[in-house]
Amino acid sequence: MYKTCFKRMIDFILSLTGLIVLSPVFIILCIWIKVDSQGPIFFKQKRVGKNKKYFNILKFRTMYVDTPKDMPTHMLSNPDQYITKVGKFLRKTSLDELPQIINILKGEMAIIGPRPALWNQDDLIAERDKYKANDIKPGLTGWAQINGRDELEINLKAKLDGYYVEHMSFLFDVNCFFGTIASVLKHEGVVEGGTGELNKEGKE
């Protein structure tokens with residue numbers, strides 16, 4: 001019952017409440033982004049949704065407009081040169097993800113779930129197929145996010161996503177939600193220009 005009904009109901013209520021409560025923060029960030037560099041306030045990108053259907057994810061723009069499109073940050077040779085001043089702050093604090101509240105309201109995403117892959121991240125999509133992680137709505141945050149985020153190898157990230165699919169419940173979602181808050185406050189797991197750092201450092 002939770003997976004088919006209550007989860008969506010909770011997502012809708014919390015995202016609507018969040019959008020209203022955080023509207024002053026949205027306004028401040030919109031002004032800051034516009035003053036900091038030329039370009040749109042929001043960044044749209046094609047991502048993989050439930051059952052591998054595409055949708056456009058929303059983020060606050062953190063990079064200059066001449067940044068290569070549809071390329072994961074870890075594949076850029078020197079990502080720092082593309083990130084704006086305000087963008088560094090937004091990415092470090094994960095505030096760039098706030099506009100995805102709108103994606104949640106629209107029913108394209110959930111609050112908790114696997115982070116949506118880029119449409120061309122074939123390796124991650126294929127790995128997630130093994131664990132049925134492409135069969136549910138992607139999330140604003142998830143089990144993999146609080147267990148390594150950018151530091152995770154693709155296969156480990158997919159396995160963690162699969163673990164979430166298998167154990168999805170209200171209490172597990174609550175655990176992921178508060179675990180995300182703790183990770184954001186500690187700035188854990190953010191690695192610009194690289195992935196799989198846990199494995200490289202022997203911490204897996």
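A residue is described as buried when its relative accessible area is under 20%, as exposed when that area is over 50%, and as partly exposed in between. By this criterion, R115 and E97 are both buried in the predicted model. These two residues form a salt bridge in which the closest N and O atoms are 3.0 Å apart. The pair connects distant parts of the chain, 18 residues apart: R115 belongs to the loop between β3 and α5, and E97 to the loop between α3 and α4.

The overall architecture provides the setting for this pair. The protein chain contains 8 helices and 4 strands, arranged along the sequence in the pattern α-α-β-β-α-α-β-α-β-α-α-α. Of its 204 residues, 46% are buried. Among contacts between residues at least 6 apart in sequence, 70% join residues at least 24 apart. The accessible surface of the chain amounts to about 11,000 Å², and carbon and sulfur atoms account for 60% of that surface.

The largest nonpolar core comprises 19 residues, and those with the most contacts inside it are W143, L160 and Y164. At least two residues of this core come from each of β2, β3 (110–112), α6 (154–167) and α7 (170–186). Helix α6 makes the greatest contribution, with 4 residues. With residues up to four places away in sequence left out of the count, W143 touches L160, Y163, Y164, F172, N175 and C176. A second core, separate from the largest one, consists of 9 residues, including C30, L90, L98 and I101.

W143 also takes part in an aromatic cluster, which it forms together with Y163, Y164 and F172. Three of the residues that W143 touches, namely Y163, Y164 and F172, are thus its partners in this cluster.

Across the whole structure, a search identifies 9 aromatic pairs. One of them is formed by F42 and F60, which are stacked with a centre-to-centre separation of 5.5 Å and an angle of 15 degrees between the planes. This pair bridges distant parts of the chain, since F42 lies in strand β1 (residues 42–48) and F60 in strand β2 (residues 54–60), 18 residues apart. The two rings differ in their exposure to the surroundings: F60 is buried because its relative accessible area is 1%, whereas F42, at 34%, is partly exposed.

Charged side chains are also found over aromatic rings. The charged end of K46 sits over the ring of Y54, 4.8 Å from the ring centre. K46 additionally lies over the face of W119, at 4.6 Å from the centre of that ring.

Side chains of opposite charge can pair when their charged atoms come close. The search of the whole structure finds 7 salt bridges, among them the R115 and E97 pair described above. A further salt bridge joins K130 and E127, with an N to O distance of 2.8 Å. Both residues lie in helix α5, 3 residues apart, which corresponds to about one turn of the helix. Within this pair, K130 counts as exposed because its relative accessibility is 58%, while E127 is buried, with a relative accessible area of 18%. Salt bridges with shared partners connect K59, E97 and R115 into one network. K106 and E108 form another salt bridge, in which the closest N and O atoms are 3.5 Å apart. K106 is classed as exposed because its relative accessibility is 56%, and E108 is partly exposed, at 22%.

The loop between α3 and α4, which holds E97, also contains S94. This serine is buried because its relative accessible area, 14%, falls under the 20% limit. Apart from neighbours within four places in sequence, S94 is in contact with R149 and V184.

Terms used:
Residues are numbered from 1 along each chain as its sequence is written. This is a predicted model: local features need pLDDT of at least 70, side-chain atom pairs count only at pLDDT 80 or more; totals for chains, interfaces and linings use all residues. Side-chain values use heavy atoms; hydrogens and water are left out. Rings of Phe, Tyr and Trp (its six-membered ring) pair if their centres lie within 6.5 Å; planes under 30 degrees apart count as stacked, over 60 as edge-to-face and the rest as tilted. Buried means under 20% relative accessible area, exposed over 50%, partly exposed in between (1.4 Å probe, protein chains only). A charge sits over a ring if NZ of Lys or CZ of Arg is within 6 Å of the ring centre and within 35 degrees of the ring normal. A nonpolar core is a set of buried Ala, Val, Leu, Ile, Met, Phe, Trp, Tyr and Cys residues joined through side-chain atoms within 4.5 Å. Contact means heavy atoms within 4.5 Å. Accessible areas come from the Shrake-Rupley method with a 1.4 Å probe; for residues, only the protein chains shown count as cover. A salt bridge is a side-chain nitrogen of Lys or Arg within 4 Å of a carboxyl oxygen of Asp or Glu.
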